[in-house]
Each structure stands twice: as structure tokens, then as C-alpha cells.
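Work through the exercises below with the sequence and the model side by side. Each one sets a task and is followed by a solution that goes step by step.

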Amino acid sequence: MTAPPRSLRPAALAALLGSVLLLLVSVLPTAAASTSASATTDRKAAAPAAATPVGTNGQLKVCGTKLCNSRGNPIQLRGMSTHGTQWYPHCLTSGSLNALAQDWKADVLRVSTYVQEGGYETNPQHFTNLAHSLIQQATDRGMYVIVDWHMLTPGDPNTNLSRARQFFTDIANRNKDKNNILYEIANEPSGVSWSRIKSYAEQIIPTIRGIDSDAPVLVGTRAWSSFGVSEGADESEVVNNPVRATNIMYTFHFYAYSHRDEYLATLSRAADRLPVFVTEFGTQNYAGEGNNDFAMSQRYLDLMASKKISWTNWNFSDDNRSGAVFKTGTCNSNGPWTGTSPLKPAGVWIRDRIATPDNFPVS
């Protein structure tokens with residue numbers, strides 16, 4: 001995507017009956033043992049309440065061509081992507097993230113850290129801290145988090161290889177004990193061969209795996225993550241020459257007004273051969289602006305539901321473009337965040353689709 005513009009206390013009782021005292025004495029050892037066991041439980045195995053997406057599904061993994069939960073059952077995540085955090089951090093507040101998790105009932109938040117365009121390269125520590133803060137806030141709300149290395153221009157991810165190594169090293173070290181992280185290592189490669197993208201992935205993935213061995217990694221594809229379609233190719237180059245790594249998925253992006261049947265057919269074919277995650281899409285044109293094509297967008301959503309392809313929509317901000325879900329000025333006013341009144345038409349539409357009940361397998 002281009003530039004811009006969630007006991008009772010043993011208190012103070014005067015006296016206790018002898019029988020109650022005896023009961024407490026008999027229970028205390030069990031309680032102490034339970035507390036000790038809890039304290040030594042591996043943090044990564046711990047999860048928020050079962051009512052949340054993470055509480056229900058636990059640590060995700062790639063199984064075959066699907067994203068699966070901790071029990072090995074294929075699932076579909078649905079949620080939102082932030083806009084660039086250098087432009088719209090004020091749209092990512094306690095209130096807006098509460099709304100995303102509880103009112104919208106989103107499963108996943110994609111945190112987009114731009115590399116250029118006033119992003120990470122200007123102040124690595126600031127943007128690493130900001131990404132980490134958003135990861136923690138999503139974690140506190142029981143959502144999954146995609147850590148998006150939003151390289152866009154230049155289109156060759158190798159240009160930012162050393163920066164990517166530092167960013168993912170820092171983020172993985174700070175979040176390796178969480179069970180809700182997915183790492184998206186290259187947003188939209190463009191003007192570069194698949195072999196170059198693959199080489200980049202095979203250098204960055206070991207950096208992450210050396211710190212966090214469990215989290216799925218999402219690999220961008222050629223031509224703005226279109227499996228090469230926008231540059232005259234197709235998914236066969238990835239099918240025939242996949243990244244040499246396990247527990248990975250490949251990303252696909254579309255904008256429904258611009259990307260029609262050829263793109264839809266490519267997504268369908270690719271998802272039958274490869275694990276695919278749609279980490280970015282819009283109901284508008286490829287710039288995330290202009291008229292909404294909800295009919296074409298629904299065709300994509302129907303396909304993704306049928307094949308359990310997870311997705312995040314672009315974008316959770318009040319940018320002036322039609323693809324930003326909030327009406328312009330909402331973030332400066334700190335809301336309101338819930339319901340449909342603060343939303344543009346695209347926001348109303350996508351909120352309704354996210355908020356429909358998930359079909360997460362429970363056994």
C-alpha cells in the first residue's frame with residue numbers, strides 16, 4: 001500500500017470457628033502447590049481466556065496448505081491492518097483497539113512498520129518500541145498479531161536486509177514467549193525476481209527461527225504480493241521453486257475494484273498448492289481509494305472462506321482515502337470507536353464481515 005494521505009480475602013474476621021480453621025489448613029497445601037505449578041508454567045503455553053481467538057486456538061502452525069491451530073485444525077483468521085505507524089499512531093488507542101477486539105470481534109491485527117517513507121529507517125528504536133507496544137496491546141486483548149515489515153519502495157527486499165535482520169531480531173527477542181505472533185518479512189516486493197525474494201526469505205527466516213522457533217513466517221510474493229500477476233507471471237514460479245523453510249505461508253494482496261478475475265483465479269489456484277495468507281486487501285482500487293466494489297470483494301471473501309484463507313483488510317485509520325475505515329477526523333477526536341457511526345462505507349462493510357461468528361473448531 002502506498003503513502004498516506006484492542007476471593008474472598010481471609011480478611012479481618014474477628015474470630016473463626018475451629019472447623020473453618022481446620023478446613024483452611026487442609027486446603028492450603030493444595031493451593032500452594034497449584035500456585036507453584038502455575039508460576040513455572042511455560043509462558044508460551046499460557047493463553048488469554050478461551051473466549052478470545054488466541055485462547056481458543058493457541059499457537060498456530062502451518063499444516064499442508066492451511067493455517068492450523070494448536071490442535072492441528074485448519075482455521076481462518078479475519079481482521080485489520082494498521083496504516084503506517086509513522087502517520088496514524090493516534091488511531092491505535094486503547095479505545096480503538098478495544099473496539100476492534102470486542103465490537104468488531106477481530107481475530108488478528110497487522111502492525112505495519114514502514115521501512116522508508118518516514119518510517120523505521122529514520123528512528124529504528126522508536127518504531128521497534130511502537131511495534132512492540134502494539135503487539136502487547138493486541139496480545140492483552142487475545143488477538144493474533146502480524147508483525148509487518150512494510151517494505152514498499154525500493155521493491156527489492158534485499159535493499160533493507162540488514163535493517164530487517166535488526167528489526168526482527170529485536171522484535172523476536174522481546175516477544176518470543178508469546179503464542180500469537182506471525183512475522184511478515186516483506187510486504188510488497190516489486191520489480192524484482194522471485195529468486196531474489198526467495199534468497200532474502202532464506203536469509204531472514206533463520207534469523208527469526210534462531211529466536212522464535214514456533215511462529216509462522218509470511219513471505220511476500222512478486223509484483224506487490226500478487227504471485228507475479230501484476231508483472232505478467234503467476235503462482236507457478238513459487239510452486240516450482242518454494243522457499244526452503246517450514247511453517248511458512250505466502251502472501252497475496254488484492255484491491256477488488258482494480259484486481260478482477262485473473263487475480264481471483266490466481267488466488268484460488270495458489271491456495272490449492274501453497275499455504276496462502278491475504279495480509280492486505282481493499283474494496284477499492286489498487287491505491288486504496290475511489291469507489292468501493294463490494295460485489296467483487298464479496299467474491300474474494302467467499303473464496304477465502306471456502307478455502308480457509310486468512311485475511312486482514314487495509315486499513316484501520318481515518319486517512320482521507322475511501323479504504324480507511326474511519327471517517328476523517330475520528331482519530332484526532334479520539335473516537336467514537338464503536339458501532340457504525342464513525343465509519344466510512346468500507347468500514348461498515350468490513351466490520352460486518354469481521355463480526356460474523358468464527359467457525360473455530362473446538363476439539
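**Exercise 1. Overview**

How many helices and strands does the secondary structure of the protein chain come to?

Solution. This is a predicted model, in which local features need pLDDT of at least 70 and side-chain atom pairs count only at pLDDT 80 or more, while totals for chains, interfaces and linings use all residues. Residues are numbered from 1 along each chain as its sequence is written, and side-chain values use heavy atoms, with hydrogens and water left out. Helices (DSSP runs of H or I, at least four residues) and strands (runs of E, at least two) are numbered from the N terminus, and the protein chain has eleven helices and ten strands. Of its 363 residues, 56% are buried, where buried means under 20% relative accessible area, exposed over 50%, and partly exposed in between (1.4 Å probe, protein chains only). The accessible surface of the chain is about 14,700 Å², with 54% of it belonging to carbon and sulfur atoms; such areas come from the Shrake-Rupley method with a 1.4 Å probe, and for residues only the protein chains shown count as cover.

**Exercise 2. Nonpolar cores**

Determine which residues have the most contacts inside the largest nonpolar core, and which helix gives the largest share of this core.

Solution. A nonpolar core is a set of buried Ala, Val, Leu, Ile, Met, Phe, Trp, Tyr and Cys residues joined through side-chain atoms within 4.5 Å. The largest one has 81 residues, and those with the most contacts inside it are Phe168, Tyr183, Ile185, Val219 and Tyr300. Its largest share, seven residues, comes from helix 6 (residues 194-209). Apart from this core lies another, of 14 residues, which includes Val108, Tyr144, Leu182 and Phe360. For Tyr300, take contact as heavy atoms within 4.5 Å: once neighbours within four places in sequence are left aside, its partners include Phe252, Phe254, His259, Tyr263 and Leu267.

**Exercise 3. Salt bridges around Arg222**

Identify the acidic partners of Arg222 and state which parts of the chain the pair with Glu237 ties together.

Solution. A salt bridge is a side-chain nitrogen of Lys or Arg within 4 Å of a carboxyl oxygen of Asp or Glu, and by this rule the count comes to 18. One partner of Arg222 is Glu231, with the closest N and O atoms 3.3 Å apart. The other pair to consider is Glu237 with Arg222, at 3.0 Å from N to O. Glu237 lies in helix 8 (residues 236-240) and Arg222 in helix 7 (residues 222-225), so this pair ties together parts that are 15 residues apart in sequence. As for burial, Arg222 has 15% relative accessibility and is buried, Glu237 is buried as well, and Glu231, at 28%, is partly exposed. Elsewhere, Arg110, Asp148, Glu184 and Glu280 are linked in a network of salt bridges.

**Exercise 4. Helix 4 against helix 5**

At what angle do the axes of helix 4 and helix 5 cross, and which residues make the contact?

Solution. Axes are lines fitted to C-alpha atoms, for helices over the stretch in contact, and angles run from 0 to 180 degrees between N-to-C directions. On this basis the axes of helix 4 (residues 124-140) and helix 5 (residues 161-175) come within 10 Å and cross at roughly 35°. The contact involves Gln125, Thr128, Asn129, Ala131, His132 and Ile135 of helix 4, together with Phe167, Asp170, Ile171, Arg174 and Asn175 of helix 5.

**Exercise 5. Helix 3 and the loop before it**

Find what the buried residues of helix 3 pack against, then place Leu92 and Ser94 in this region.

Solution. In helix 3 (residues 94-103), Ser96, Leu97, Ala99, Leu100 and Ala101 are buried, and the buried residues of this helix pack against strand 3 (78-81), strand 4 (108-114) and helix 4. Leu92 belongs to the loop between strand 3 and helix 3, and its relative accessible area of 9% makes it buried. Although Leu92 and Ser317 are 225 residues apart in sequence, their C-alpha atoms are 8.1 Å apart in space. Ser94 is in helix 3 and is partly exposed, at 43% relative accessible area; leaving aside neighbours within four places in sequence, Ser94 is in contact with Gln137 and Arg141. Just after helix 3, Lys105 takes a positive phi of about 65°.
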